[in-house]
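User: I have a structure to go through with you. Could you take me through its helices, charged pairs, cysteines and ligand?

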Amino acid sequence: MIQIQPKVRGFLCTTAHPHGCQKNVEQQIQQALTLAENKHESRPKNVLIIGGSAGYGLASRVVCSAGYGASTLSVSFEKPPKANKTASAGWYNDYYFQRWARSSGRSAHSISGDAFSTEIKQETLESIKASMGKVDLVIYSLAAPRRSKLNTEQELVTHQSVIKPINTAVQGQSIDTASGALKPFTLEAASQQEIDDTVTVMGGEDWFEWMKFLSDANALSAHCKTVAFSYLGGDLTRSIYGGGTLGMAKEDLEYYCQRINDELLNDNNSSRANVAVLKAIVTQSSAAIPSLPLYISLLYRVMKARGNHEGCIEQIIRLFDTGLYPEHLQTCKRDRPYRFRLDDRELNPAIQHEVSELWQQVSEENLSAISDVDGYQTDFLKLFGFEWPSIDYSLPVPTLPSFADD
Ligand code: NAD
């Protein structure tokens, strides 16, 4: 048993509290359970989530399982606990999600390992064959820093993803997650190698490989859908995101989306690949992107004041309820046949204008007054199970949870 407090280093928190992570998962489950009241004629039954232990992938798993009663299989890369060291937050999320699913009569399996590897793809296939037969929905929600891949000489090469602008260096400021203070940054322009590497890690090739692997193994149902998540952002984040290395990777994701539709799926309404462009939210991955914590703090302030703020679970519920299912009632905005725009509220010109005005005024002195920096920090710490008022963080808890702890 150890006392667990947050240890924030840069944009990472190196500890996680099991009971707080349990609460995070349960809160999302409660929201998704309301979906179960609307009985849709079409809904996913067997779902594979690649990257299902945190952020948008976890929310997708919760919506499929709690909202639609689907069997779920998640692949993620998380650290298990040791006697005196906590697990990663995603490991606890996964543990408590599975426990809830089983106690509620939903089938839920998880695989831990590198989703880019052939071994994990093979293990996933075996699990699908054993417990589901075929999948009818594949969610691709990886946010990874690196990918090891065989080159043409069959040597394993590791590609590193970088967050950099293209062509010109960028200077800006963001929020230091540990202190909550404004912090200047400079990012040099990416080299061609860095652009290529980022596309290799965060682009669509691995999504395509997963779909091809499952299709060749006859593990996709005739009506299988797949969706991968993207972010575009507006002018304020363009130099770092949309027009930077990650933006290039997201363009590549769309290229592969088209290829999945053309080569692997019956391209009809009930079987197709989609890209869902989602809103900027607080996750471990977005915390790593310079300027996003500041942008999100200002955006949340504006959207909360206007009453149209959405978090992770609300975005995914809207995607499923108005976009992916039921097919004949799709009301979700689309700007390309395969592309859903759940970022429509974020990119509303009036909202972007207001955020832009605040962006120009923001300083150390007025940061708390004109932004939602306090909310950002609370949301960030909550990702790791902290800041729950009902939890006494001074009490020691086991790092390895067990059913007896409840
Ligand atoms: P996250 O950091 O919360 O979760 C990432 C998931 O990927 C985790 O489950 C993690 O275990 C898994 N993962 C990472 N490397 C892995 C590996 N090698 N093998 C297996 N699993 C691995 O991320 P997120 O912010 O939810 O992002 C998910 C997707 O949504 C990304 O494509 C991201 O670009 C997109 N997106 C995010 C935002 C945002 O603001 N956070 C906005 C729009 C779109």
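Analyst: To begin with, this is a predicted model. A suitable starting point is helix α11, which spans residues 312-324. Of its 13 residues, 11 are buried, so the helix is largely enclosed by the rest of the structure.

User: Which residues of α11 are buried?

Analyst: The buried residues are Cys-312, Ile-313, Gln-315, Ile-316, Ile-317, Arg-318, Leu-319, Phe-320, Thr-322, Gly-323 and Leu-324.

User: And what covers the buried residues of α11?

Analyst: The cover includes two helices, α1 (18-33) and α2 (55-68). It also includes the strands β6 (135-140), β11 (220-230), β12 (273-277) and β14 (339-341).

User: Arg-318 is on that buried list. Which residue does the Arg-318 side chain meet in a salt bridge?

Analyst: Its partner is Glu-310, with an N to O distance of 2.8 Å. Both Glu-310 and Arg-318 are buried. Glu-310 also forms a salt bridge with Arg-345, at 3.2 Å from N to O. That second pair links distant parts of the chain, 35 residues apart: Glu-310 is in the loop between α10 (292-306) and α11, and Arg-345 is in the loop between β14 and α12 (349-361).

User: Are Glu-310 and Arg-345 buried or exposed?

Analyst: Glu-310 has a relative accessible area of 6%, which is under the 20% limit, so Glu-310 counts as buried. Arg-345, at 33% relative accessibility, is classed as partly exposed, because that value falls between 20% and 50%.

User: How many salt bridges are there in total?

Analyst: The count comes to 20. One of them joins the side chains of Arg-61 and Asp-94, at 3.3 Å from N to O. Arg-61 belongs to helix α2 and Asp-94 to helix α3 (residues 89-103), so this pair ties together parts that are 33 residues apart in sequence. Arg-61 and Asp-94 are both buried.

User: Which residues are linked in a network of salt bridges?

Analyst: The network links Glu-254, Asp-335, Arg-336, Arg-339, Arg-341 and Asp-343.

User: Changing topic to the cysteines: how many disulfides does a search of the whole structure find?

Analyst: The search finds zero. Cys-257 illustrates the point: the closest cysteine sulfur, in Cys-224, is 13 Å from its own, which is too far for a bond because a disulfide requires the two sulfurs to be within 2.5 Å. Cys-332 is likewise in no disulfide, and the nearest cysteine sulfur, that of Cys-257, lies 14 Å away.

User: Are Cys-257 and Cys-332 buried or exposed?

Analyst: Cys-257 is buried, with a relative accessible area of 0%. Cys-332 is also buried, with a value of 10%.

User: Now the ligand. How many residues surround it, and which are the closest?

Analyst: The ligand is surrounded by 29 residues, of which the closest are Ser-53, Ala-115, Lys-250, Thr-283 and Ser-285.

User: What polar atoms of Gly-55, Tyr-56 and Asp-114 lie by the ligand?

Analyst: For Gly-55, a backbone N or O atom lies 3.4 Å from a ligand oxygen atom. For Tyr-56, a polar backbone atom is 2.8 Å from an oxygen atom of the ligand. Asp-114 instead offers a polar side-chain atom, 3.0 Å from a ligand nitrogen atom.

User: How much of the ligand does the protein bury?

Analyst: The protein buries 93% of the 840 Å² that the ligand exposes when taken alone. The elements that give two or more residues to the surrounding shell are α2, β11 and α9 (284-287). Two of these, α2 and β11, are also among the elements that cover the buried residues of α11.

Methods
Residues numbered from 1 in each chain as written. Predicted model: local features only at pLDDT ≥ 70, side-chain atom pairs only at ≥ 80, totals over all residues. Heavy atoms only, no water. Buried < 20%, exposed > 50% of the residue type's maximum accessible area, 1.4 Å probe, protein only. Helix = DSSP H or I, 4+ residues; strand = E, 2+ residues; numbered from the N terminus. Contact = heavy atoms within 4.5 Å. Salt bridge = Lys/Arg side-chain N within 4 Å of Asp/Glu carboxyl O. Near = heavy atom within 4 Å. Polar contact = N/O pair within 3.5 Å; in protein donor to acceptor, adjacent residues only side chain to side chain. Areas by Shrake-Rupley, 256 points an atom, 1.4 Å probe, with all protein chains shown as cover.
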